[in-house]
Amino acid sequence: MPATRPSRNPTTRAAAPAPVTLHIATRKGLWRLKSDATRRSWTLAGPQFLGHIVHHAVADPRDGRTVLAAARTGHLGPTIFRSTDRGRTWTEAATPPAFAAGSGRVVDHSFWLTPGHRSEPQVWYAGTSPQGLFRSEDGGATWQGVAGFNDHPRRPQWCGGDQDATPDGGKLHSIVVDPLDPRHLYVGLSGGGLFESTDGGADWHPLNRGVRADFLPQPTPEFGHDPHCLRQHPLDPDRLYHQNHCGIYRLDRPSWTWTDIGATMPKSVGAIGFPLVLHPRDPDTLWVFPMDGTDVWPRTPPRGRPAVYRSVNGGATWQRQAKGLPAAQAWWAVKRQAMTTDQAATV
C-alpha cells in the first residue's frame with residue numbers, strides 16, 4: 001500500500017535567493033544558463049555535445065554537483081553522459097542502458113532521467129524508447145535493466161507490443177521515487193499508461209482508473225493510455241497530478257481513482273498539453289502549458305496565443321498567466337522536460 005501521508009507544514013519557508021543554473025537540453029546540444037543571486041541577470045554557456053540530440057539533462061539535488069545528460073549521438077548512438085563538476089566536463093557511461101541480448105528490443109534513445117531516493121545517493125533511474133526502465137547504482141557510470149518491468153509477462157500488452165504511434169517511438173518517462181519510501185515507484189508510458197511498484201521495481205500494476213483513453217475503442221481500459229507527465233508533490237507524497245493526452249488529472253492516495261481536473265479548464269483552451277509542474281511547498285498549486293489538441297495536434301498553443309494556466313486549489317479552477325509572452329502569432333509549444341519551477345520561488 002502507499003506510504004502514509006505526512007503532516008503538512010504550512011510554515012515552511014522558501015530558500016533565500018541564490019544563483020541558479022538551468023541545463024537546457026535541445027536537439028542541437030546542451031547549454032547552461034546561470035543567473036546571479038537575484039535571478040535578474042543571466043549568462044549563457046555552451047554548446048556542449050553540439051549536433052547531438054540531448055533528450056534530458058538533470059542536476060542531482062542530493063549532492064549539488066552531479067549532472068546526467070541522456071543523448072543520442074550521431075556516432076555513438078544512445079548513451080548517457082555524467083558530470084561531477086556541475087556540467088563543466090563530462091564522461092560517457094561505461095555501460096549505458098541496453099536491453100538484454102536476445103530480447104528482441106534495442107534502445108533507440110534514453111528519454112528520461114530521475115535521481116534515486118536520498119537514502120541511495122548513487123542511484124539513478126532512466127527511461128528509454130522503446131519503453132524500458134533502467135537503474136544505476138554508481139552515479140550513472142553503469143546501467144542495468146529493471147527486470148521486474150522490462151521482463152514482466154504483461155509488458156508486451158502494456159506497451160502495445162512496442163508498436164506505438166507516438167512520434168519517435170514509445171517512451172517510458174516520468175519516473176517518480178516516493179520521498180518517503182525508495183521502494184515505492186511510479187512510471188508513465190507513452191503509450192501504455194501509469195504504473196506503480198511498491199517493491200523496488202520487482203513487480204508492477206496499472207494505475208489508470210478514472211483516466212480516459214478517447215482514442216481507443218474502449219475509452220476506459222485498464223491500460224493503454226497516453227500520459228504525458230506525472231508529478232508527485234515532495235511535501236505531500238500522497239498527492240499526484242498528471243497531464244494526459246485526454247485531460248489533466250489528480251490522485252489523492254490511498255485512492256486508486258484519478259479525478260479529471262482538466263474538465264474545469266476553459267473550453268476554448270482545452271486540457272491537452274505536455275508539461276505539468278508543482279509549487280515546491282504548496283500541494284494545491286500547479287501549472288500547465290496547454291497546446292492545440294483539436295485536430296492534427298500541430299504542437300502549437302491554441303490560436304497561437306501561448307499562456308501558462310495556474311490552479312491554486314488542486315485543479316478546481318484555473319487562471320491564465322501570459323504576462324511577458326507573445327500576444328499573438330506565436331506558434332510553438334512546451335514539451336514535458338522543458339518546464340520547471342524555481343525551488344526558491346516565493347510566490
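Which side chain meets Glu 120 in a salt bridge? The partner is Arg 135, with an N to O distance of 3.8 Å. Please keep in mind as you read on that this is a predicted model.

## Salt bridges around Arg 135

Let us stay with that pair for a moment. Glu 120 sits in the loop between β8 and β9 (124–129), while Arg 135 belongs to strand β10 (residues 132–136), so the contact links distant parts of the chain, 15 residues apart. Glu 120 is partly exposed, its relative accessible area being 23%. For Arg 135 the value is 19%, and this residue counts as buried, because the cut-off for buried is under 20% relative accessible area.

Arg 135 also meets the side chain of Glu 137 in a salt bridge, here at 3.1 Å from N to O. Glu 137 is exposed, with a relative accessible area of 53%. Elsewhere, salt bridges with shared partners bring Arg 239, Arg 250, Asp 252 and Asp 284 together in one network.

## From strand β5 to the loop before β8

In total, the structure holds 12 salt bridges. One of them is formed by the side chains of Asp 108 and Arg 72, with 3.6 Å between N and O. Asp 108 is placed in the loop between β7 and β8 (109–115) and Arg 72 in strand β5, so this pair ties together parts of the chain that lie 36 residues apart in sequence.

Are these two partners buried or partly exposed? Asp 108 is partly exposed, at 31% relative accessible area, and Arg 72 is partly exposed as well, at 32%.

## The sheet β4-β5-β6-β7

Strand β5, the home of Arg 72, takes part in an open sheet of 4 strands. The order is β4-β5-β6-β7, and the pairing is antiparallel. At the edges are β4 (53–59) and β7 (91–92), each of which pairs on one side only. A reminder that helps when viewing such a sheet: strands pair through backbone hydrogen bonds, either parallel or antiparallel.

Within this sheet, β5 covers residues 67–73 and β6 covers residues 77–83, and the two run antiparallel with 7 bridges between them. If you would like a point of reference on these strands, look for Ala 69, which stands opposite Phe 81 in β6.

## The sheet β16-β17-β18-β19

A second group to look at is an open sheet of 4 strands, with antiparallel pairing and the order β16-β17-β18-β19. Its edge strands are β16 and β19 (259–260), and each pairs on one side only. How many residues of strand β16 (residues 227–232) are buried? The count is 5 of its 6 residues, so this strand is mostly covered.

On its paired side, β16 joins strand β17 (residues 239–244) in the antiparallel sense, over 5 bridges. Together β16 and β17 make a hairpin, with 6 residues between them. Two facing pairs help to fix the register: Leu 230 stands opposite His 242 in β17, and Gln 232 stands opposite Leu 240 in β17.

## Surface patches

What forms the positive surface patch? Its members are Lys 34, Arg 65, Arg 86 and Arg 88. Of these, Arg 65 is found in the loop between β4 and β5, which takes us back to the sheet with the order β4-β5-β6-β7. Arg 65 counts as partly exposed, at 42% relative accessibility.

The surface also carries a nonpolar patch of about 340 Å², made by Leu 22, Ile 24, Trp 42 and Leu 44. Strands β1 (21–26) and β3 (42–48) each supply at least two residues of this patch. Trp 42 has its place in strand β3 and is partly exposed, with a relative accessible area of 35%. Patch members need over 30% relative accessible area, so Trp 42 passes that cut-off at 35%.

How values were computed:
Residues are numbered from 1 along each chain as its sequence is written. This is a predicted model: local features need pLDDT of at least 70, side-chain atom pairs count only at pLDDT 80 or more; totals for chains, interfaces and linings use all residues. Side-chain values use heavy atoms; hydrogens and water are left out. Two strands pair if DSSP finds at least two bridges between them. Patches are made of residues with over 30% relative accessible area and no salt bridge: like charges are joined within 9 Å, nonpolar side chains (Val, Leu, Ile, Met, Phe, Trp, Tyr) within 5 Å. Accessible areas come from the Shrake-Rupley method with a 1.4 Å probe; for residues, only the protein chains shown count as cover. A salt bridge is a side-chain nitrogen of Lys or Arg within 4 Å of a carboxyl oxygen of Asp or Glu. Lys and Arg count as positive and Asp and Glu as negative; His and the chain ends are not counted. The place of a charge is taken as NZ of Lys, CZ of Arg, CG of Asp or CD of Glu. Buried means under 20% relative accessible area, exposed over 50%, partly exposed in between (1.4 Å probe, protein chains only).
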